[in-house]
Amino acid sequence: MAEKSLTTNKAVLNWVDEMAKLCQPDKVFWCTGSEQENQSLCDLMVRAGTFTKLNEKLRPGSYLARSHPSDVARVEDRTFICSKTKEEAGPTNHWADPTEMRQKMRALFNDCMKGRTMYVIPFAMGPLNSPICKVGIEITDSPYVVVNMRIMTRMGQTVMDKLGADGHFIPCMHSVGAPLQPGQQDTPWPCEPDPQKKYIIHFPDEPSVWSYGSGYGGNALLGKKCLALRLASVMAKREGWMAEHMLILCLASPAGKKYYIAAAFPSACGKTNLAMMQPTLPGWKVSTLGDDIAWIRVGKGGRLCAMNPETGFFGVAPGTSRKSNPHALTACAKNTIFTNVVLTPDGDIWWEDMGVPAPAKGIDWEGNEWTPASGKKGAHPNSRFTAPAAQCPVIDPDWQSAEGVPLSAILFGGRRPHTIPLVCEAFDWEHGVFMGSACGSETTAAALGQSGVLRRDPFAMLPFCGYHMGDYFAHWLSFAQRTDRAKLPRVYFVNWFRKSADGKFLWPGFGENSRVLKWICERVEGTGKAQRTPIGHVPTPDALDVTGLNGMADDLKQLLAVDAASWKKEVEDVAANHAKFGRRLPKALNEQLDGLRARLG
Ligand code: OXD
Ligand code: MN
């Protein structure tokens with residue numbers, strides 16, 4: 001940690017100076033990203049009660065944090081895109097006038113770091129030598145943010161060096177919004193408890209981010225959702241690439257041929273699990289390049305190449321188990337920050353559906369004594385682990401490639417108990433873009449208390465697209481002109497969650513999904529068997545390799561069925577959602593809707 005500036009970049013020095021005058025911290029620290037600095041911040045947080053050091057033997061280099069009970073998730077209703085006009089932000093974003101919001105932010109940040117330290121974090125999204133690497137500087141009064149940013153991004157002196165004396169950076173302002181009066185005792189998780197006083201503000205035209213009142217990852221680690229998705233989607237549109245809410249994986253066949261696949265699924269649909277999947281098919285191997293964000297550009301050979309701008313996983317803990325995702329468990333075996341999980345008596349952590357017996361007692365995410373018999377959840381349903389990507393045992397050797405990896409296929413998916421088959425291939429790029437635009441996920445009773453409610457989440461980007469989604473669809477369509485069509489990845493819709501009439505999952509999921517990925521590779525090679533249906537190419541019943549899966553014949557029939565009556569309803573629901581985008585909905589997508597209607601008869 002350095003008290004002196006680490007740069008001669010005038011723009012950086014002036015901005016930090018201006019922000020220090022506005023926020024009035026006690027101290028300004030420039031983060032170098034060193035091991036020693038990280039350790040001293042962790043020690044500081046242990047002394048402040050923010051962190052509990054976990055048992056060094058069981059969970060080396062790891063810590064547990066408990067947030068304020070009001071500060072456990074992203075705050076979509078407090079997230080604003082302040083483009084010049086409301087029209088530019090489109091119907092899926094909250095908008096506020098940029099001039100008024102700028103004034104509001106200045107007023108909120110005025111004196112907001114009193115009694116605290118202001119940390120200056122230079123960070124990069126993407127490998128430093130990538131042609132689309134973006135440098136940001138996050139100013140924050142939260143040491144928790146500093147140590148998380150160090151895992152999730154390339155951070156510190158190397159980034160400042162890349163910036164040099166006159167490089168450009170994206171200013172990212174963050175405060176927990178809890179200034180301290182002289183002598184006032186701090187709390188372990190300072191934040192603004194009133195939800196109406198939290199603000200996640202994006203100025204896409206500058207670009208810059210101002211985040212106030214929350215310490216939760218998605219609101220406070222500004223490289224992630226704010227920069228790498230909302231702002232990046234706007235920059236990508238302008239610069240001719242794509243910023244997407246997608247995992248990236250490599251599937252290697254038994255013969256050693258590699259297929260790179262990116263997949264967009266809305267929350268709670270198993271993106272991290274798929275990214276690190278252990279194929280059950282003998283000889284097939286998956287390696288991971290990313291689990292949440294993909295930046296995609298036309299690469300040297302004209303192929304779409306994907307790169308993960310992050311360096312860590314900020315994963316949902318509950319449900320992560322040896323069965324669902326053994327590699328994620330290994331990734332967080334050390335050097336990991338856990339937030340809002342159970343502390344066990346031996347100084348380790350536990351969460352629901354971890355696949356190991358619950359401890360007889362523990363401390364729950366709210367800091368209270370807890371037993372499994374209490375009937376309460378010990379870990380918050382959105383509790384998280386922040387783990388270095390490099391610790392994933394199946395991390396791909398090319399995960400930090402500056403050029404990215406060439407995509408063979410793009411998958412869209414969702415949790416859809418009915419109607420949508422296990423897998424369906426788009427006829428062409430435009431049809432694939434239509435599939436992405438129709439993406440949605442059905443809620444379950446367990447998750448939201450109301451079952452069967454379908455939320456349309458186009459491209460899984462509903463909370464993350466920083467501009468009008470109609471224009472975003474048009475941007476996707478434009479890639480058919482940006483390169484040779486034959487070089488574009490094939491597009492698929494997958495659904496691991498189809499249920500039988502009696503409510504049982506028809507497909508076993510997890511490692512068995514490799515069977516679907518294998519068919520996709522065969523299609524890419526031109527050998528996979530498929531039938532043409534009104535909705536796209538679906539595997540013939542004998543096309544999927546189900547060797548070793550007993551009694552699948554009947555289930556497979558149901559999994560691959562395309563029922564015209566349900567699809568007619570589906571089309572009208574998609575049409576109703578598309579209507580939101582008005583005249584900005586590309587004509588090509590209306591044509592897709594008409595074509596699908598006609599094919600369904
Ligand atoms: C999300 C996340 O909310 O990745 O999508 O945390
Ligand atoms: Mn995500």
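**Strand 24**

I began with strand 24, residues 384–388 of this predicted model, and asked how many of its residues are buried. I found that five of the five are, so the strand is largely enclosed by the rest of the structure. Here I took buried to mean under 20% relative accessible area.

I then looked up which way each residue points, and noted that Arg384, Thr386 and Pro388 face one way from strand 24, while Phe385 and Ala387 face the other, with all of them buried. This fits what I know of strands in general: in a regular strand the side chains alternate between the two faces of the sheet.

**Its partners**

Next I asked which strands pair with strand 24. Strand 18, residues 312–316, runs antiparallel to strand 24 and is joined to it over five bridges, and in this pairing I located Gly312 opposite Pro388. Strand 19, residues 337–339, also pairs with strand 24 in the antiparallel sense, here over three bridges, and I found Thr339 standing opposite Arg384.

**Cavities**

I turned to enclosed space and recorded that a search of the whole structure gives three cavities of 30 Å³ or more, the largest of which holds about 170 Å³. Its lining is made of 16 residues, and those closest to its centre are Ile420, Met435, Ala438, Phe493 and Trp567.

I also checked which elements give two or more residues to this lining, and they are helix 11 (429–437) and helix 17 (564–579); helix 17 has the largest share, with four residues. Sorted by class, the lining of the largest cavity comes to 12 nonpolar, one polar and three charged residues.

Note on methods
Residues numbered from 1 in each chain as written. Chains lettered and ligands numbered in written order. Predicted model: local features only at pLDDT ≥ 70, side-chain atom pairs only at ≥ 80, totals over all residues. Heavy atoms only, no water. 1 Å grid on protein atoms, 1.4 Å probe; cavity = no way out; pocket = protein on both sides within 12 Å on 5 of 7 lines; lining within 4 Å. Points joined across faces, edges and corners; volume = space filled by probe spheres on them. Nonpolar A, V, L, I, M, F, W, Y, C, P; charged D, E, K, R; others polar. Buried < 20%, exposed > 50% of the residue type's maximum accessible area, 1.4 Å probe, protein only. Pairing = 2+ DSSP bridges.
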